[in-house]
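Here's a quick briefing to read alongside the structure. Have the viewer open and follow the topics in order.

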Amino acid sequence: MPDFILILLLAAFPALSTDMYLPAIPTLCTLWNIPLAQANLSLVVFFVTFSSFLLIHGPLSDRFGRRPVLLWGILLFIAGSLLCAASQSITTLVAARAVQAVGAAAASALSFALAKDMYTGEQRKKLLAYIGVIVPLCPMAAPTIGAFMLQHVSWRGIFVLQGALALFALYGAFRLREPLTSKASGGAAAALKRYVTLFSNAPFMVYAVAFALPGLAFFAFIAGSSNIYISGFGSSEQQYGLYFAFNAFSLMLGSFLCSRLCVGLASRTILFVSFVGMLLSVLAMFVFGNETPVSFAVTMFCYTMFLGMSRPISNHMILEQVDRNAGAAASLVTFFFFLCGAVAMETISLQWDSKPFVIAVLGGAGTVAALGVTLMLRGRSAEKPATS
């Protein structure tokens, strides 16, 4: 299996773990007679566990190599998927989702680390952009597949299918030639020291935190979309799958535009355009987002498209701030992004009068913060690696 395809599969694990399962959330609320906030714990706990173990898998891969950590993580993901399928209550499902998250964290962290190991400069920037084009195909198809499984099999079949799909990544990991030629030494204390070094790298930390914040609205949409479309607007599960795919397509479109624009435009220019586009999108969502499912879908489409345009460039800028400890750095970057996801998912689960309005508030706040950092640091070259 080509390295590019393996990295693509690994990067798709978070979407594979969540988006296919989203149409089943209203069903579980009815089946187990639980509120949305309790059902969404299966999402929130997943992302909290996922984010926490990102910080562990990265240093482990720096110490023992990418391949063994990757193999262990994928096997654990498959086991967690089967445990989810066998769950008999929301409590056991949440616990099984935590197991699944531990494995998914290894795949996600190492996709970023492998991109750092195997590609450099413009080649890596283009790789991240092309991956950004292809990876959204998973969330485009996942809710539709989940709705089909829900209608013709059961919600348990969704998790069985997740485990089966992970077998392809397991095959690629078995065939992977270890890319890490110089492994870190030491145990837990050495790993902690690597994180301390990264935390002392001010440009890395500022970019990593700031560029994670626009993802607040995106993750709030993921957690709240089934409730907004199915319970709020009265859409069917199949219609919801199409609306979700429409939004996922916008992420792919944004990454594709980035891959075209990064050839002739400076990184900061692309980021500035992306952030301004996101701000205009949330303003439109404030005005029109709560009127019809189409108006909400269109405004969210615009926001997600500009978010997709910004991610390859922002990830490249973050990675350029480090010249070693790539596994720990990749873990920390992904940790911040998905920690924002956990906060957003819990926030949108509360009893709000208008969830589209809340998504717009989160999007506006996160984008203003990221834009402010970009403007403040515009005099500093983002392409010069810092020592860490």
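**The nonpolar surface patch**

Two helices, α15 (267-288) and α18 (355-376), each put at least two residues into the nonpolar patch. Keep in mind that this is a predicted model. The notes below go from that patch to the overall fold, then inward to the core, the aromatic rings and a few buried residues.

- The patch covers about 960 Å² of surface and is built from F272, V273, V276, L280, L283, F286, V287, F288, F357, V361 and L375.
- Helix α15 is the biggest contributor, with eight residues, the largest share of the patch.
- One patch member to click on is L280, which sits in helix α15.
- Is L280 buried or exposed? L280 counts as exposed because its relative accessible area is 55%, and the bar for that label is over 50%.

**The fold as a whole**

- You're looking at a protein of 18 helices and zero strands.
- There are 388 residues, and 60% of them count as buried.
- Contacts reach a long way along the chain: take the ones between residues at least 6 apart in sequence, and 86% of those join residues at least 24 apart.
- About 14,700 Å² of the protein is exposed, with carbon and sulfur atoms supplying 70% of that area.

**The nonpolar core**

- The largest nonpolar core holds 122 residues.
- Which residues have the most contacts inside this core? They are L10, F13, Y21, I74, L93, F204 and I359.
- I74 is a handy place to start: setting aside neighbours within four places in sequence, I74 is in contact with L10, F13, A166, A169, L170 and A173.
- Two of those partners, L10 and F13, are themselves on the list of residues with the most contacts in the core.

**Aromatic rings**

- How many aromatic pairs turn up in a search of the whole structure? The search finds 20.
- Take Y207 and F211: their ring centres are 5.3 Å apart and their planes meet at 20°, so the pair is stacked. The angle is what earns the label, because stacked means planes under 30 degrees apart.
- Both rings belong to buried residues: Y207 has a relative accessible area of 1%, and F211 has 4%.
- Elsewhere, ring pairs tie F221, Y229, F233, Y240, Y243, F244 and F296 into a cluster.

**S225, beside the ring cluster's members**

- S225 is in helix α13 (residues 215-232), and it counts as buried at 0% relative accessibility.
- Leaving out neighbours within four places, S225 is in contact with L22, A220, I230, Y240 and F244. Y240 and F244 also belong to the ring cluster.

**Buried residues with distant sequence partners**

- A208 lies in helix α12 (residues 202-210) and is buried, with 2% relative accessibility.
- What does A208 touch, not counting residues up to four places away in sequence? The answer is I318, V333 and F336.
- A208 and Q321 are 113 residues apart along the chain, yet 9.9 Å separates their C-alpha atoms.
- P59 is found in helix α5 (residues 41-64) and counts as buried because its relative accessibility is 5%, with the cut-off at under 20%.
- P59 pairs up with A330 in a similar check: the two are 271 residues apart along the chain, and their C-alpha atoms are separated by 9.7 Å.

Note on methods: Residues are numbered from 1 along each chain as its sequence is written. This is a predicted model: local features need pLDDT of at least 70, side-chain atom pairs count only at pLDDT 80 or more; totals for chains, interfaces and linings use all residues. Side-chain values use heavy atoms; hydrogens and water are left out. Patches are made of residues with over 30% relative accessible area and no salt bridge: like charges are joined within 9 Å, nonpolar side chains (Val, Leu, Ile, Met, Phe, Trp, Tyr) within 5 Å. Accessible areas come from the Shrake-Rupley method with a 1.4 Å probe; for residues, only the protein chains shown count as cover. A salt bridge is a side-chain nitrogen of Lys or Arg within 4 Å of a carboxyl oxygen of Asp or Glu. Helices (H or I, at least four residues) and strands (E, at least two) are DSSP runs, numbered from the N terminus. Buried means under 20% relative accessible area, exposed over 50%, partly exposed in between (1.4 Å probe, protein chains only). Contact means heavy atoms within 4.5 Å. A nonpolar core is a set of buried Ala, Val, Leu, Ile, Met, Phe, Trp, Tyr and Cys residues joined through side-chain atoms within 4.5 Å. Rings of Phe, Tyr and Trp (its six-membered ring) pair if their centres lie within 6.5 Å; planes under 30 degrees apart count as stacked, over 60 as edge-to-face and the rest as tilted.
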